[in-house]
Amino acid sequence: MNNQLTMFDLSEKSERAAIINVASVPQRSPFRYPGGKTWLVPTVRKWLKQERKSVSELIEPFAGGGIVSLTAAFERLADGIVMVEMDEEIAAVWEVILSENNKWLAAKIISFNLTIDNVKAELNNPNKELHDIAFCTILKNRIFHGGILAKGSGMIKNGENGKGITSRWYPKTLHDRIIAIGYVKDRISFKTGDAFEVLEQNLENDKAYFFIDPPYTKAGKRLYTYYDIDHERLFALTAQLKGKFMLTYDDTNEIRQLADEYRLDYRTIPMKTTHHLQKNEIIVSDNFSWWTESNHR
Ligand SMILES: C[S@@+](CC[C@H](N)C(=O)[O-])C[C@H]1O[C@@H](n2cnc3c(N)ncnc32)[C@H](O)[C@@H]1O
């Protein structure tokens, strides 16, 4: 079974247990995100603190569930944060949460009566506005297997204790997370768009920190609607960045070869899953002065 998936196919309870394992990492995202990087947050904090002065700009070009951007916003690890995401459904969630409409979304979640018929009525509504798309995305992310929105995914049948679609629907928690993000939204700007374009536009931006977490080479296809990216081009662009960067990948020969080809330094980091499987991921960075091996165990 795929590790990225199992890691995030969690109940709220085990979600909390997993968090304790990686030190105190509050779960701030409304998404349960396949391939989410909550487990990497302690490392990201060190990376963002490497210059001992505040980071003026953090750019997260493949935002997904956005845990890194949210952590930076809440913990004031960066003055300004730019999130970019291409998937229109995920983008709708960020656009609404970071707008005045976030209260509408939070209230809609609290008041929604989760039955199969009500879900069908929401998903089949032919005239969806942006806030309706945002709501449907949150709904699908919570009631579809593994939180997967990509084609081929479907509703949870049995779920935890046979609770079916309600087994991962936590309206109060979702409401509170959305309202909380509203308090830091002025620090975050969101762009629906292409990571590659944003990287190209920022090649000379030497003040920025780039947290780059693309769909991976192996698991991407099943997990994301937009998975088919040009990995070589991403390495080529990353190698040209004047700012600081952290690029994460699955540990494969292909990725190691690309890093070598573009003369980029990397480290491996163990990623623990709930099933106690241990897999390594690769962290590519412009420098590793901030890296201490013992802190990643
Ligand atoms: C590995 S996930 C990011 C997970 C995120 N770091 C988290 O912790 O939740 C990669 C994301 O990149 C998005 N994506 C794929 N191609 C993209 C592109 N060209 N530009 C922007 N986003 C893209 C996918 O939709 C997916 O949400």
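**Exercise 1.** In this predicted model, work out how the reach of helix α8 (residues 130-143) compares with the span expected at 1.5 Å a residue.

*Solution.* Start with the length: α8 has 14 residues. Now go from its first C-alpha to its last, and you cover 20 Å, close to the 20 Å expected. Next, look at which side chains sit inside. The buried residues of α8 include Phe135, Ile138, Leu139 and Arg142. Finally, see what they lean on: the buried residues of α8 pack against α5 (88-97), α6 (102-111), α7 (116-124) and α9 (171-184).

**Exercise 2.** Find out which residues of the shell are closest to the ligand, and which classes make up that shell.

*Solution.* Count around the ligand and you get 24 residues, with Lys37, Phe62, Gly64, Gly65 and Ala195 the closest. Sort the shell by class: 14 are nonpolar, five polar and five charged. Then check the elements: β2 (78-85) and α10 (195-201) each supply at least two shell residues.

**Exercise 3.** Decide whether Thr38 is buried or exposed.

*Solution.* First place Thr38: it's in the loop between α2 (12-21) and α3 (41-48). Thr38 has 22 other C-beta atoms within 10 Å, so it is buried. As for Gly65, it lies 27 residues from Thr38 in sequence, yet their C-alpha atoms are 9.6 Å apart.

**Exercise 4.** Look at phi of Arg76 and say what stands out, then place the residue.

*Solution.* Most residues other than glycine have a negative phi. Phi of Arg76, though, is near 50°, a positive value. Arg76 is in the loop between α4 (67-74) and β2. It counts as exposed because it has 11 C-beta neighbours inside 10 Å.

Key: Residues numbered from 1 in each chain as written. Predicted model: local features only at pLDDT ≥ 70, side-chain atom pairs only at ≥ 80, totals over all residues. Near = placed C-beta within 6 Å. Helix = DSSP H or I, 4+ residues; strand = E, 2+ residues; numbered from the N terminus. Nonpolar A, V, L, I, M, F, W, Y, C, P; charged D, E, K, R; others polar. Buried ≥ 20, exposed ≤ 12 C-beta atoms within 10 Å, placed from the backbone. Expected span 1.5 Å × (residues − 1). Contact = placed C-beta atoms within 7 Å.
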